[in-house]
Structure formats: C-alpha cells, structure tokens
Amino acid sequence: MTELHISQTEANRLIAIEKQGENNDPYWLPVAGVAISIPLVSTDLTEKFLIDIRYGRANLLKGTNQLRAQVIVLLRLDFNGSPHRNPDGEVIHGPHLHEYREGFGDKWAKPLPDGLFSDLNDGLTTIHEFMGYCHVTTLPNIK
C-alpha cells in the first residue's frame with residue numbers, strides 16, 4: 001500500500017485547527033477488539049477528521065486513540081501496550097504519543113508529556129483528554 005505524505009507545515013496546521021464533532025449522534029466506547037471512528041469537522045467547516053478509538057482484545061487496558069485527516073494519522077496515543085521502536089532505534093517504553101513527522105508519517109513516538117493524561121485506565125477520561133490535545137473544542141457525544 002502506498003503511504004500518503006503531507007508537509008510538516010500542513011500537518012501542524014491540521015493538528016492545530018479547532019475541531020468539533022460532525023454531528024450529535026451518540027457513540028459508545030468500543031468493547032475489546034472492536035474499533036470505532038468518530039467524524040470531526042473543523043469549526044470553520046473546511047476540513048474533515050476522524051478520531052479512532054480501539055482497545056486490545058486480550059488486554060482490555062491496552063488501547064489506541066488517534067486523530068486522522070482522512071487516511072493520514074496526525075496524532076496517536078498508545079497505552080498499556082508494547083514498547084515502540086523509533087526509526088533511529090530508540091525504544092520508547094510505556095505509554096507514548098506519535099506525532100506526524102514529514103517523511104515518516106506516524107512512525108516516530110515520544111514519551112507522554114507529564115500531566116497530559118490523568119488516568120489511562122479510564123477510557124472516557126482518556127479520550128476526552130486526547131481530544132483536548134487534538135484541539136477538539138466541542139466534544140462529540142461519547143458514552
């Protein structure tokens with residue numbers, strides 16, 4: 001599969017733009033092994049995004065939340081899973097955050113900034129805090 005790339009400037013712009021839920025439909029946090037995608041739109045209605053939420057099948061505390069601009073992953077939070085190896089060989093242990101990097105997509109990760117997430121074992125709190133980091137100003141209806 002061919003990977004799509006955008007400039008770092010465009011990725012930074014897309015991350016920083018204010019977003020909101022595209023509709024008021026209710027979304028339920030997924031069960032183990034199931035993923036959901038929630039549509040978002042920029043507040044000026046010019047850009048569309050998706051927030052993906054997925055939890056592990058065997059380890060219910062393992063999860064991924066990610067922000068996509070259609071197919072391009074801009075931000076991804078991985079928690080309670082395996083360590084991540086960056087393209088330069090550095091290994092990131094524990095929960096980590098992937099941010100789009102031009103030429104590498106979402107292949108680079110960094111440890112979570114202190115205080116960014118209050119309780120990674122609470123799915124609803126984590127997705128709300130992640131959406132705040134993604135500049136979602138009006139949260140979708142997640143239950």
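**Exercise 1. Find the ion pair between Asp52 and Arg68, and classify both residues as buried or exposed.**

Step 1. Asp52 and Arg68 join their side chains in a salt bridge, at 2.5 Å from N to O. The term requires a side-chain nitrogen of Lys or Arg within 4 Å of a carboxyl oxygen of Asp or Glu.

Step 2. Place the pair. Asp52 belongs to strand 4 and Arg68 to strand 5 (residues 63-69); the two are 16 residues apart, so the contact links distant parts of the chain. Strands here are DSSP runs of E, at least two residues, numbered from the N terminus.

Step 3. Check burial. Asp52 has 11% relative accessibility and is buried. Arg68 is buried too, at 16%. The cut-offs are under 20% relative accessible area for buried, over 50% for exposed, and partly exposed in between (1.4 Å probe, protein chains only).

A note on the source: this is a predicted model, in which local features need pLDDT of at least 70 and side-chain atom pairs count only at pLDDT 80 or more, while totals for chains, interfaces and linings use all residues. Residues are numbered from 1 along each chain as its sequence is written, and side-chain values use heavy atoms, leaving out hydrogens and water.

**Exercise 2. Find the salt-bridge partner of Lys48 and give the accessibility of each residue.**

Step 1. The partner is Glu22, with the closest N and O atoms 3.0 Å apart.

Step 2. Lys48 lies in strand 4 (residues 48-55), and Glu22 in the loop between strand 1 (19-21) and strand 2 (26-27). They are 26 residues apart.

Step 3. Lys48 is partly exposed at 48% relative accessibility. Glu22 is partly exposed at 34%.

**Exercise 3. Survey further salt bridges.**

Step 1. The whole structure holds 7 salt bridges.

Step 2. One of them pairs Arg76 with Asp78, at 3.1 Å between the closest N and O atoms. Arg76 is buried at 15% relative accessible area, and Asp78 is buried at 14%.

Step 3. Glu10, Arg13 and Glu47 form one network through salt bridges that share partners.

**Exercise 4. Describe the surroundings of strand 3.**

Step 1. Strand 3 spans residues 35-42, and 6 of its 8 residues are buried.

Step 2. Strand 1 runs antiparallel to strand 3, joined by 3 bridges. Pairing requires at least two DSSP bridges between the strands. Lys19 stands opposite Ser42 of strand 3.

Step 3. Strand 4 is also antiparallel to strand 3, with 7 bridges. Ile38 has Ile51 in strand 4 as its bridge partner.

Step 4. Strands 3 and 4 form a hairpin with 5 residues between them. Leu45 in the turn has a positive phi of about 65 degrees.

Terms used: Helices (H or I, at least four residues) and strands (E, at least two) are DSSP runs, numbered from the N terminus.
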